[in-house]
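Q: Could we go through this model together? I would like to start with the overall fold and then turn to details.

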Amino acid sequence: FLYFIESMDQWVYMAAVSIQVGLQPVATRWWGVEDQKGSSLVVENLLKFVLCYLQLPSEVWAEFDVAESARLGAIPAFVYALSGLLKLRGYANCDGLTFNTINQTKILFSAICAYFLLGKLQTTTQLVALMMATLAAVLISLPTSRRARDSQSKLIAGILPTVTAAALSGTAACLAQFALQNKSRNSLLFSLELSLWGLLFALPTTSFTRIRGWSVMSFVPPLMQAIGGICVGLVIKTSGGVAYGFCTILGILIAALADSLTNSSLPPLLHVISIPLVVSSIILYNQK
């Protein structure tokens, strides 16, 4: 109990990430503008910059150095930006449960990257947990539709972009962990730097002359992404990149509930089987 109280900030950050990833696919399908993916990414980075700037203490700016920012932040920002574009495609073509379960393969890529970049070894139990999370993603990727054409279309339009986005996201999380933990970078400052560098990569993907279809509610998905991105930085700072991947697994449960409520139907059997797999992987991975 005392550990829980002392670690309250970590639990709050992890809960915020879980809620955001669980509800993000629904929010994007409801309010996102289908042909404005690049614009959504630009708005997301702008909102993230403003939120970070408003919370950043003035003395932290003494840590800012353009050269060091480019060295530590440019590459993960580019990877995150590319992952963000692929995620938007996955949101549009997958239900929330499918997207979030497949997206957990980022844990595997984060662990691999952590080994090569940070020299962080995984225990046997942790390796089993990683395999369980990967198996869950494979199960949920199997066709459930009776029409093979529908399954193939979903695979190409939704599942493949989601898997690629997960690989990029896991790699970027490890790069961010290197900057936040090994280089003792301030989390909010680093999130602000990521948003600035992300803007440079996102701007070429959009055209400001194409703003048709945007409404007030269209800003909800990028705002959720911006807040989630800041919380992700705080999770990585306090708990590490692999822990961030596992905390987002909890979003699967939220996504399953949201999909059931919005579709008025139960998820397919393979999807139901995948849920205890990923929940068990969390328990196994965090065993001392």
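A: The notes below cover the fold, one helix pair and the cysteines of this predicted model.

Q: What does the secondary structure of the chain come to?
A: The chain has twelve helices and zero strands.

Q: And how much of the chain is buried?
A: Of its 288 residues, 48% count as buried. The accessible surface of the chain is about 14000 Å², and 68% of that belongs to carbon and sulfur atoms.

Q: What about contacts along the sequence? How many join residues at least 24 apart?
A: Among contacts between residues at least 6 apart in sequence, the share is 91%.

Q: Turning to helix packing, at what angle do α4 and α9 pack?
A: Helix α4 (residues 66-93) and helix α9 (residues 187-202) pack at about 65 degrees, and their axes are 8 Å apart. The crossing of α4 past α9 is right-handed.

Q: Which residues meet there?
A: On the α4 side they include V66, L72, P76, F78 and Y80, and those of α9 include F190, L194, W197 and F201. By class, this contact has 13 nonpolar, three polar and one charged residues.

Q: New topic: how many disulfides does the structure hold?
A: The structure holds zero disulfides.

Q: Why is C52 not bonded to C231?
A: The sulfur of C231 is the closest cysteine sulfur to that of C52, but the two are 9.9 Å apart, so they are too far for a bond. A disulfide requires the sulfur atoms to be within 2.5 Å.

Q: Are those two cysteines buried or exposed?
A: C52 is buried at 0% relative accessibility. C231 is also buried, with a relative accessible area of 12%.

Methods: Residues numbered from 1 in each chain as written. Predicted model: local features only at pLDDT ≥ 70, side-chain atom pairs only at ≥ 80, totals over all residues. Heavy atoms only, no water. Axes fitted to C-alpha atoms, helices over the stretch in contact; angles between N-to-C directions. Helix = DSSP H or I, 4+ residues; strand = E, 2+ residues; numbered from the N terminus. Left-handed = near helix turned anticlockwise from the far one by under 90°. Contact = heavy atoms within 4.5 Å. Nonpolar A, V, L, I, M, F, W, Y, C, P; charged D, E, K, R; others polar. Buried < 20%, exposed > 50% of the residue type's maximum accessible area, 1.4 Å probe, protein only. Areas by Shrake-Rupley, 256 points an atom, 1.4 Å probe, with all protein chains shown as cover.
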